[in-house]
Structures are given as structure tokens and as C-alpha cells.
Amino acid sequence: MDPVFLLLRLLHVVLGVFWAGTIFFFAVFLLPSLGDIGPDAGKVMGALQMRRYVDIMPIVAMVTILSGLAMFYKFASADPSYMKSPHGMGYGTGGALAILALGFGMSVIRPAANRI
């Protein structure tokens, strides 16, 4: 198999799991806990910013999306009917949702985290 394709797949899977898992942890566990803490939550968010959480997550998301787009392009250019197949439509929908999630994160979540 093509080593570039293997690298793209590895990046996409590992960084995608990291991105989704981190967002899940943040939304389900960390944010409610910060709400319980009260005013001291600002210290926790400050510590996250010192570790560049707000800077690293968009980069992880972009590399995940770009590697997925590169793989999708490779399949679609080899066989244009791939985009009409159930796999192609599923991957296309997943990619579109990931791009929307990145847009939401950059336009809503990142500014809110910077304000905190």
C-alpha cells in the first residue's frame, strides 16, 4: 500500500480520536465541573491556556480534516462514481459535519474560551 496513504490514514484516525475524545471530555466532564467550582474555574481555564489548549485543538482539527479530504480526493479521483456510493456519501457527510464542527469551534467556542 502507498506509504503516503498510510500516513494520511494514521494522522486522520489518531488525531480524529484525539479531537473527538478531547471535545467529549471537555463538554461532558470538564465544563460541568468548572461550573460547580465557581470563580476558581478561571484558574483552571488559565492553566489550559498556558498549555495552549485553545491553539492546539484547531490545528489538530485542521490536520484531521485535511488528511480526510486528501484520502477522499484520492478515492474520488480514481473512481468518480465513488462519491455516489454509500461509502462515498457517508464519508462526504462526515467530512462536511467535521468542517461545520471546526467552524463552530473557531467562531463560538474559541472566543468564549479566550474570554474566560
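Thr64 is buried, with a relative accessible area of 5%. The model is predicted. Thr64 lies in helix H3. A polar atom of its side chain lies 2.8 Å from the backbone oxygen of Val60. Beyond neighbours within four places in sequence, Thr64 is in contact with His12, Leu15, Gly16 and Trp19.

Ser67 is also a residue of helix H3, which covers residues 53-78. At 3% relative accessibility, Ser67 counts as buried, because the cut-off for that class is under 20%. The side chain of Ser67 reaches back to the backbone oxygen of Thr64, at 2.9 Å. With neighbours within four places set aside, the contacts of Ser67 are Leu8, Leu11 and His12. His12 therefore appears in the contact lists of Thr64 and of Ser67, and both of these residues are classed as buried.

Ala70 is found in helix H3 too. At 29% relative accessibility, Ala70 counts as partly exposed. Its C-alpha atom is separated from that of Phe5 by 8.8 Å. Along the chain, Ala70 and Phe5 are 65 residues apart.

**Accessibility by residue**

| Residue | Place | Relative accessibility | Class |
|---|---|---|---|
| Thr64 | helix H3 | 5% | buried |
| Ser67 | helix H3 | 3% | buried |
| Ala70 | helix H3 | 29% | partly exposed |
| Gly46 | helix H2 | 27% | partly exposed |
| Arg52 | loop between H2 and H3 | 48% | partly exposed |

**The nonpolar core**

How many residues does the largest nonpolar core have? The count is 15. Trp19, Phe26, Leu48 and Tyr53 have the most contacts inside this core. Helices H1, H2, H3 and H4 (86-115) each supply at least two of its residues. H3 gives the most, with six residues.

Trp19 has a long contact list once residues up to four places away in sequence are not counted. Trp19 touches Met57, Val60, Ala61, Thr64 and Ile65. Trp19 also touches Ala98, Ala101 and Leu102. Thr64 and Val60, both on that list, are the two residues joined by the 2.8 Å side-chain to backbone approach.

**H1 against H2**

Helix H1 spans residues 3-37 and helix H2 spans residues 41-50. Their axes come within 8 Å. The crossing angle is roughly 140°. H1 and H2 are therefore oblique to each other, since angles over 145 degrees would be needed for roughly antiparallel.

Which residues of H1 and H2 meet? From H1 come Phe26, Leu30, Leu34 and Ile37. From H2 come Ala41, Val44, Met45 and Leu48. By class, this contact has eight nonpolar residues, no polar residues and no charged residues. Phe26 and Leu48 take part in this contact, and both are among the residues with the most contacts inside the core.

Gly46 has its place in helix H2. At 27% relative accessibility, Gly46 counts as partly exposed. The C-alpha atoms of Gly46 and Leu97 are separated by 30 Å. These two residues are 51 residues apart along the chain.

**The loop after H2**

Arg52 lies in the loop between H2 and H3. Is Arg52 buried or partly exposed? Arg52 is partly exposed, with a relative accessible area of 48%. Its phi is near 65°, a positive value in a residue other than glycine. Most residues other than glycine have a negative phi.

Technical notes. Residues numbered from 1 in each chain as written. Predicted model: local features only at pLDDT ≥ 70, side-chain atom pairs only at ≥ 80, totals over all residues. Heavy atoms only, no water. Axes fitted to C-alpha atoms, helices over the stretch in contact; angles between N-to-C directions. Helix = DSSP H or I, 4+ residues; strand = E, 2+ residues; numbered from the N terminus. Parallel < 35°, antiparallel > 145°, perpendicular 65-115°, else oblique. Contact = heavy atoms within 4.5 Å. Nonpolar A, V, L, I, M, F, W, Y, C, P; charged D, E, K, R; others polar. Buried < 20%, exposed > 50% of the residue type's maximum accessible area, 1.4 Å probe, protein only. Polar contact = N/O pair within 3.5 Å; in protein donor to acceptor, adjacent residues only side chain to side chain. Core = buried A, V, L, I, M, F, W, Y, C linked by side-chain atoms within 4.5 Å.
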